[in-house]
Amino acid sequence: MTEVMIIGGGSGMGFALARVLVAEGTDVTIVGRSVERLDAARAELEQVGSGRVRTGRADIGREEDVAELFAGNRQVDHVAVTAADATGVYGPTALASTDMARSVLNTKLLGAWLVGKHAAGKVTGSLTFTSGINAYRPNGSNTIMAAANGGLASLASGLAIEMAPVRVNVISPGWVDTPIWNQLGMDKQAAFAELSQRLPARRIGTPDDIAQAFLAVMRNQFITATVLHVDGGHRLT
Ligand SMILES: NC(=O)c1ccc[n+]([C@@H]2O[C@H](COP(=O)([O-])OP(=O)(O)OC[C@H]3O[C@@H](n4cnc5c(N)ncnc54)[C@H](OP(=O)(O)O)[C@@H]3O)[C@@H](O)[C@H]2O)c1
């Protein structure tokens, strides 16, 4: 691998993926909305290896931003998408704001579609989206996020046909300790201690667990139109 773009790479799972890649000498472009977050991530990544680190400011929900990411002649080997804004998603549908629902669909599902649209002809190896366990084990909350996550499997299958031989896959994480939990206003460590006992793996996932899964589907040239579950056995509970 020589160059990977990670949309959402400024933190969490995307950052963990960038870290592994840069450490092994692969060039990365990390993309997000906050320039400060991206600059801090780049400074940290530049300490871990020889891969070149670029940053790109873009909101995945805005077509002009996504088009700009792929403008010009430069090609990338792989694109990974981890971007999601989960602000306000938790709670029953009857009480949920419709603006929040549109925002979730606009960024997580339509944003992934925009990446497929504008990365066509620019990505040579693979495109990997991130869905989530709630598509497969709905919990009576954040139902719109579950719907967006479920839709990503169908989107990846369709794009795997359209973009072939570029491969298109989905990683479906279970509970993983990343900054996204900070938006939920809970005692994260207490919650994780309780949640981990429900899982066959008896622990919460780490960002690196997910990074390794991304690498597996990027590198295995016979995996396409696949959802890889990396959830500690959560679907069995
Ligand atoms: N952590 C879990 O337990 C878990 C479980 C299941 C699924 N997931 C999924 O895993 C993915 C990665 O999440 P994470 O846990 O690594 O969380 P995270 O640390 O919050 O990472 C999300 C990243 O996406 C970026 N982002 C958010 N909205 C964006 C937008 N509109 N355009 C471009 N970038 C945007 C954020 O940066 P900016 O704010 O600077 O844009 C941030 O760097 C998400 O799709 C999430 O739904 C997470």
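**Exercise 1. Place asparagine 142 in this predicted model and say whether it is buried or exposed.**

Start with the location: asparagine 142 sits in the loop between β5 and α5. Next, check the backbone. Its phi is positive, about 30°, although asparagine 142 is not a glycine. Last, look at the cover. Asparagine 142 has 3% relative accessibility, so it counts as buried.

**Exercise 2. Do the same for alanine 225, and find which side chain reaches its backbone nitrogen.**

Alanine 225 belongs to the loop between α7 and β7. Here too we have a residue that isn't a glycine but has a positive phi, about 55°. For the cover, the relative accessible area of alanine 225 is 38%; buried would need a value under 20% and exposed one over 50%, so alanine 225 comes out as partly exposed. As for the partner, the side chain of asparagine 169 gets to the backbone nitrogen of alanine 225 at 3.2 Å.

**Exercise 3. Follow asparagine 169 back into the fold: which element holds it, and what is it in contact with?**

Asparagine 169 is part of strand β6. At 0% relative accessibility, it counts as buried. Now skip the neighbours within four places in sequence and list the contacts: Leu127, Thr128, Phe129, Ala156, Val217, Ile223, Thr224, Ala225 and Thr226. One of these, Val217, is also among the buried residues of α7.

**Exercise 4. Where is the cis peptide bond?**

Go to the loop between α5 (143–162) and β6, where proline 165 lies. The cis bond joins alanine 164 and proline 165, with omega at about 10°.

**Exercise 5. Check the span of α7 and name what covers its buried residues.**

Count first: α7 covers residues 207–219, which makes 13 residues. From first C-alpha to last, α7 reaches 18 Å, close to the 18 Å expected at 1.5 Å a residue. Then pick out the buried positions: Ile210, Ala211, Ala213, Phe214, Leu215, Val217 and Met218. Their cover includes helix α1 plus strands β1, β4, β5, β6 and β7.

**Exercise 6. Describe the surroundings of the ligand: how many residues, and of which classes?**

The shell has 29 residues, and the closest are Ser11, Arg33, Lys108, Thr178 and Trp181. Sorted by class, that's 11 nonpolar, 13 polar and five charged. Helices α1 (12–23) and α4 (98–119) each supply at least two of the shell residues.

Now go through some polar partners of ligand oxygen atoms. A polar side-chain atom of lysine 108 is 2.7 Å from one. On the backbone side, valine 176 offers a polar atom at 2.9 Å, and glycine 12 has one at 3.4 Å. To finish, take the area: the ligand alone exposes 880 Å², of which the protein buries 93%.

Key:
Residues are numbered from 1 along each chain as its sequence is written. This is a predicted model: local features need pLDDT of at least 70, side-chain atom pairs count only at pLDDT 80 or more; totals for chains, interfaces and linings use all residues. Side-chain values use heavy atoms; hydrogens and water are left out. A residue is near a molecule or strand if one of its heavy atoms lies within 4 Å of it. A polar contact is a pair of N or O atoms within 3.5 Å; within protein, one must be able to donate a hydrogen and the other to accept it, and residues adjacent in sequence count only if both atoms are side-chain atoms. Accessible areas come from the Shrake-Rupley method with a 1.4 Å probe; for residues, only the protein chains shown count as cover. Helices (H or I, at least four residues) and strands (E, at least two) are DSSP runs, numbered from the N terminus. Ala, Val, Leu, Ile, Met, Phe, Trp, Tyr, Cys and Pro count as nonpolar, Asp, Glu, Lys and Arg as charged, and the others, Gly among them, as polar. The expected span of a helix is 1.5 Å times one less than its number of residues. Buried means under 20% relative accessible area, exposed over 50%, partly exposed in between (1.4 Å probe, protein chains only). Contact means heavy atoms within 4.5 Å.
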